[in-house]
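Colleague: Could you zoom in on a single part of this model and tell me how it sits against its surroundings? I'd like one connected story rather than a list.

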Amino acid sequence: MPVDVSYWYSGRLVNLIRQTLRVFSDYYISIGKDDNGEPILKRVPVTFMSTDKSAVALLNKNSDSTLQSFPKMILCISRIGMGKEINSGAAFEEDEDSVTEKYFNEETGEYEYKRGNSFNVTRLNPVPLTIDFTLFVATTMQSQKFQLFEQLRAVFNQPLDVQTSENALDLSRMNSLALTDINWSSRGTSNLDSTQIDTMELQFHMNATLDLPALV
């Protein structure tokens, strides 16, 4: 039986952006050493490049002269592809599964190891999707760039799996994120004395899918 909906939106792309931001949310640089000789670490923030003018105004506190702090990383979507090379099965092919929940005890408010409600879930094959991300790494010192480059390159020596859901019935919960290219400096060789902030650009490619509505 086909799934019939007049309006449907799952926020899939927003969820992919959020989970990808988390991949880059825990990087640090050393800004010196303490009295014991241990490195003093500073967390490098990462934000998504928003085109929402109200969000930008809020971040800048409604001022055109807000000072920016560095280093920081900025993630943006540079391209979205059809993903036809991803094998996700025949388009609009239906798949039906039977699912049984654990028994939920209304009196105790806890699940028990008994059979609960059962459902038939009819799903359509997910829609393939590819996303190219660009990560801008803005630094004021060369040592900061060296530190971040080594950490990022080591983590993405192989494609990284990004999980966007813990739902076992979500066909699109696992996605592959791979580092494909690096532009070391935004200044280039003809602008060595520039006072502009130097930015390293890292290109990433994600193979993802878009789940369609399911009939439960």
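Modeller: Two strands pair if DSSP finds at least two bridges between them, and the elements themselves are DSSP runs numbered from the N terminus (helices H or I, at least four residues; strands E, at least two). Let's take β10 as the part to look at. Housekeeping: this is a predicted model, with pLDDT of at least 70 needed for local features and 80 or more for side-chain atom pairs, while totals for chains, interfaces and linings use all residues. Residues are numbered from 1 along each chain as its sequence is written, and side-chain values use heavy atoms, leaving out hydrogens and water.

First, where does β10 fit in? The protein chain has 3 helices and 10 strands, and from the N terminus on, the order is α-β-β-β-α-β-β-β-β-α-β-β-β. β10 covers residues 198–210 and runs antiparallel to β7 (residues 127–139), with 13 bridges joining the two. One place to click on is Leu135, whose bridge partner in β10 is Leu202. β10 also pairs with β9 (residues 174–183), again in the antiparallel sense, over 7 bridges. There, have a look at Ser176, which has Asn207 of β10 as its bridge partner.

Now the side chains. Asp198 of β10 and Lys145 meet in a salt bridge, 2.4 Å from N to O (the rule asks for a side-chain nitrogen of Lys or Arg within 4 Å of a carboxyl oxygen of Asp or Glu). Lys145 sits in helix α3 (residues 142–155) and Asp198 in β10, so this pair ties together parts 53 residues apart in sequence. Both Lys145 and Asp198 are buried, where buried means under 20% relative accessible area, exposed over 50% and partly exposed in between, using a 1.4 Å probe and protein chains only.

Moving over to the partner strand, there's another salt bridge, between the side chains of Asp132 and Arg79, at 3.9 Å from N to O. Asp132 belongs to β7 and Arg79 to β4 (residues 72–81), so here too parts 53 residues apart in sequence get tied together. Asp132 counts as buried because its relative accessibility is 19%; Arg79, at 47% relative accessible area, is partly exposed.

By that rule the count comes to 3 salt bridges, and one of them joins Lys114 to Glu112, with the closest N and O atoms 3.5 Å apart. In that pair Lys114 is exposed, with a relative accessible area of 51%, while Glu112 is partly exposed at 22%.

How does this sit in the whole chain? Among contacts (heavy atoms within 4.5 Å) between residues at least 6 apart in sequence, 70% join residues at least 24 apart. Of the 216 residues, 30% count as buried. The accessible surface comes to about 14,600 Å², with carbon and sulfur atoms holding 51% of it; areas are Shrake-Rupley values with a 1.4 Å probe, and for residues only the protein chains shown count as cover.

For contrast, glance at the N-terminal side. In α1, the buried residues include Leu16, Ile17, Leu21 and Val23. Tyr7, in the segment before α1 (12–23), is exposed, with a relative accessible area of 67%.
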